[in-house]
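Subject: Structure for your review

Dear colleague,

Please find below the structure that I am handing over to you. I would be grateful if you could read it alongside the notes that come after it.

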Amino acid sequence: MAKTIIIGACGQIGTELVLELRKREGAENVLAADLRDECPAVLNNGPYQKMDILDREFVRQFIIDNEIKTVYLLAALLSATAEKNPDFAWKLNMEGLFTILDLAKEGHVSKIFWPSSIAVFGPTTPRENTPQYTVMEPSTVYGISKQSGERWCEYYFNKFGVDVRSIRYPGLISYTSLPGGGTTDYAVDIFYQAKLKKPFTCFLSENTALPMMFMEDAIRGTLELMSAPKESIKVRSAYNLSGCSFTPAELTQEIQKIEPSFTINYAPDFRQAIADSWPKSIDDSAARTDWGWKENYGTTELVNVMMENVDTSLLIA
Ligand code: NAD
Ligand code: AKB
């Protein structure tokens, strides 16, 4: 079995992606790598390597020496954190991508997954049912880095035949690890407060609709895209992918069906402007046609599974 590495493995997506890949490919074949000295206990069932994606020479040598053939590059600053440190966000979100694309161009790596985001869209994009191909003028440094990354992925595929695949993830909702600094994080944080039976203060206004997805759907979609035959992948920038779409008020109503005493108040901050520049819902017909994407979780299913599984001890871990 050829080896696979997940760089940025200790984050919200990485944790669940590593666990699922280890189930499928065997724990010893799936390397988790991240900046941290040690990985979280949940990833102790397989190999871990401390790695800074910005250390180009170390990353190159490690991947070549270990004959790693598939790379999932997840390390990045997300939208809210990136706005606080735009120079570093640009550096982190772009330099690592070139390191991995170049390894594939030179023939060391055979397949890459690099995630894009709904942040590639901007205030001039049609916001309802946002098409795969449309106006894209992102207004955040995060969105600019994801849009540029998409263009470079497509370029490396067209010029050098690099097999790089990507998804424009919506906001991802999960309970295994906490989110890492995005504009959609409220839709995870809210469940911890509901479970603690505390009121929740939302940093977005009540009618802000955003595309969202339960993590299990996102991981399954990612692995379906990665195992699809090369010929069926028609989009080499990144695929739109839709799960569900809701506002904070709608999410609250669903939570109140399970926890009737739950209350929310609204104190929009700088993240409101970011959310206002993003789509409300996504047209993902290209992913459905090309490689058979279909979501399993709507808003009600997502709320049920989150309320059942959120473990508030993660907040102090
Ligand atoms: P996260 O912030 O939870 O995790 C990122 C991980 O990368 C962290 O464990 C961090 O320690 C690690 N990291 C940071 N700098 C690093 C470096 N220099 N070298 C190695 N590791 C480093 O992020 P996430 O939510 O898991 O997102 C992963 C990817 O998916 C990102 O590219 C993000 O833009 C994209 N994405 C996420 C979402 C979402 O809702 N979570 C939505 C759209 C796109
Ligand atoms: C964020 O809010 O930054 C991420 C994303 C949608 O890319 N969750």
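The notes below take up the domains, then ligand 2, then ligand 1.

Please bear in mind throughout that this is a predicted model.

Domains

The protein chain is divided into two parts: domain 1 comprises 4-170 + 214-240, and domain 2 comprises 171-212 + 242-315. Taken over C-alpha atoms, the centres of domain 1 and domain 2 are 22 Å apart. At the contact between them, 44 residues of domain 1 meet 42 residues of domain 2.

Ligand 2

Where does ligand 2 lie with respect to the two domains? Domain 1 and domain 2 both contribute residues to the shell around ligand 2, so this ligand lies between them. The shell consists of Leu78, Ser79, Ser117, Ile118, Tyr142, Pro170, Gly182, Thr183, Thr184 and Trp278. By residue class, the shell holds 5 nonpolar and 5 polar residues, and no charged ones.

Three side chains of this shell may be of interest for your work on the ligand's polar contacts. In Ser117, an N or O atom of the side chain is 2.7 Å from an oxygen atom of ligand 2. Tyr142 likewise places a polar side-chain atom 2.7 Å from an oxygen atom of ligand 2. For Thr184, the partner is a nitrogen atom of ligand 2, which lies 2.8 Å from a polar side-chain atom of the residue. Of the 250 Å² of accessible area that ligand 2 has on its own, the protein covers 94%. Ligand 2 sits in the largest pocket.

Ligand 1

Ligand 1 has 25 residues around it, of which Gln12, Asp34, Asp52, Tyr142 and Lys146 come nearest. Tyr142 thus appears here and also in the shell of ligand 2.

Both backbone and side-chain atoms take part in the polar contacts of ligand 1, as Gly11 and Asp52 show. From the backbone, an N or O atom of Gly11 is 3.1 Å from an oxygen atom of ligand 1. A polar backbone atom of Ile13 is 2.9 Å from an oxygen atom of ligand 1. From a side chain, Asp52 brings a polar atom to 2.8 Å from a nitrogen atom of ligand 1. Taken alone, ligand 1 exposes 830 Å², and the protein buries 91% of that. Ligand 1, too, sits in the largest pocket.

Yours sincerely

Technical notes. Residues numbered from 1 in each chain as written. Chains lettered and ligands numbered in written order. Predicted model: local features only at pLDDT ≥ 70, side-chain atom pairs only at ≥ 80, totals over all residues. Heavy atoms only, no water. Near = heavy atom within 4 Å. Polar contact = N/O pair within 3.5 Å; in protein donor to acceptor, adjacent residues only side chain to side chain. Areas by Shrake-Rupley, 256 points an atom, 1.4 Å probe, with all protein chains shown as cover. 1 Å grid on protein atoms, 1.4 Å probe; cavity = no way out; pocket = protein on both sides within 12 Å on 5 of 7 lines; lining within 4 Å. Sits in = over half its atoms within 2 Å of the grid points. Nonpolar A, V, L, I, M, F, W, Y, C, P; charged D, E, K, R; others polar. Domains from an automatic or database assignment. Contact = heavy atoms within 4.5 Å.
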